[in-house]
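Colleague: Please take one part of this model and look at it closely. I would like a connected account of that part, with the whole chain as its setting.

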Amino acid sequence: MLKLLKRLCITAVVLFVAVVCIYWFNLDTKLVKLLEKPLMQHYDNMERDHRM
């Protein structure tokens, strides 16, 4: 039981540090900015259906 509790605490601390690093360095916005151009090219090349 103690081993499981220790593993859960370590996992929680690692996840907390990861979330703080993502927030601190604004990595989520940087990822979206990196993916924006390829995604826009993909959606601009899609066929459109304008029927109502």
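**A close look at helix H1**

Modeller: Phe16 sits in helix H1. Start there, and bear in mind that this is a predicted model. Phe16 has a relative accessible area of 58%, so it counts as exposed. Its C-alpha atom is 31 Å from that of Pro38, a residue 22 places away along the chain.

Now the helix itself. H1 runs over residues 2-24. That gives it 23 residues, and the distance from its first C-alpha to its last is 33 Å. This is close to the 33 Å expected at 1.5 Å a residue. Cover is scarce: among the 23 residues of H1, the count of buried ones is 0.

Individual residues fit that picture. Ile22 belongs to H1. With 40% relative accessible area, Ile22 is partly exposed, because the buried class is kept for values under 20% and the exposed class for values over 50%. Ala18 is in H1 too. At 37% relative accessibility, Ala18 is likewise partly exposed. From Ala18 to Val32 there are 14 residues in sequence, and their C-alpha atoms lie 18 Å apart in space.

Next, the nonpolar surface. Phe16 and Ile22 both contribute to a nonpolar patch of about 820 Å². The other members are Val13, Val17, Val20, Trp24, Phe25 and Leu27. H1 is the main contributor, giving 6 residues to the patch. As a rule, residues three or four places apart on an α-helix point the same way, because each turn takes 3.6 residues.

The cysteines come next. Cys9 is partly exposed, with a relative accessible area of 44%. Its sulfur has its closest cysteine partner in Cys21, but the gap is 19 Å, too far for a bond. A disulfide here would need the two sulfur atoms within 2.5 Å. Cys21, then, is in no disulfide. Its accessibility is 34%, so Cys21 also counts as partly exposed. The count for the model is 0 disulfides.

What follows H1? Just after the helix, Asn26 takes a positive phi of about 55 degrees. Asn26 does so although it is not a glycine. The residue is placed in the loop between H1 and helix H2, which covers 27-44. Asn26 is partly exposed, at 37% relative accessibility. Two members of the nonpolar patch, Phe25 and Leu27, are the sequence neighbours of this residue.

Last, the whole chain. The protein has 2 helices and 0 strands. Its radius of gyration is 21 Å, well over the 10 Å that the globule rule gives for 52 residues, so the protein is more spread out than a compact globule. The C-alpha trace spans about 65 × 25 × 15 Å along its principal axes. The lack of cover on H1 has its counterpart in the whole protein, where 0% of the 52 residues count as buried. The exposed surface comes to about 5,800 Å². Carbon and sulfur atoms supply 71% of that area.

To draw this together: H1 spans 33 Å and has 0 buried residues. The helix gives the most to the nonpolar patch. After H1 comes Asn26, with its positive phi.

Key. Residues are numbered from 1 along each chain as its sequence is written. This is a predicted model: local features need pLDDT of at least 70, side-chain atom pairs count only at pLDDT 80 or more; totals for chains, interfaces and linings use all residues. Side-chain values use heavy atoms; hydrogens and water are left out. Helices (H or I, at least four residues) and strands (E, at least two) are DSSP runs, numbered from the N terminus. Buried means under 20% relative accessible area, exposed over 50%, partly exposed in between (1.4 Å probe, protein chains only). Patches are made of residues with over 30% relative accessible area and no salt bridge: like charges are joined within 9 Å, nonpolar side chains (Val, Leu, Ile, Met, Phe, Trp, Tyr) within 5 Å. Accessible areas come from the Shrake-Rupley method with a 1.4 Å probe; for residues, only the protein chains shown count as cover. A salt bridge is a side-chain nitrogen of Lys or Arg within 4 Å of a carboxyl oxygen of Asp or Glu. The expected span of a helix is 1.5 Å times one less than its number of residues. The radius of gyration is taken over C-alpha atoms; the globule rule is 2.2 Å times the number of residues to the power 0.38.
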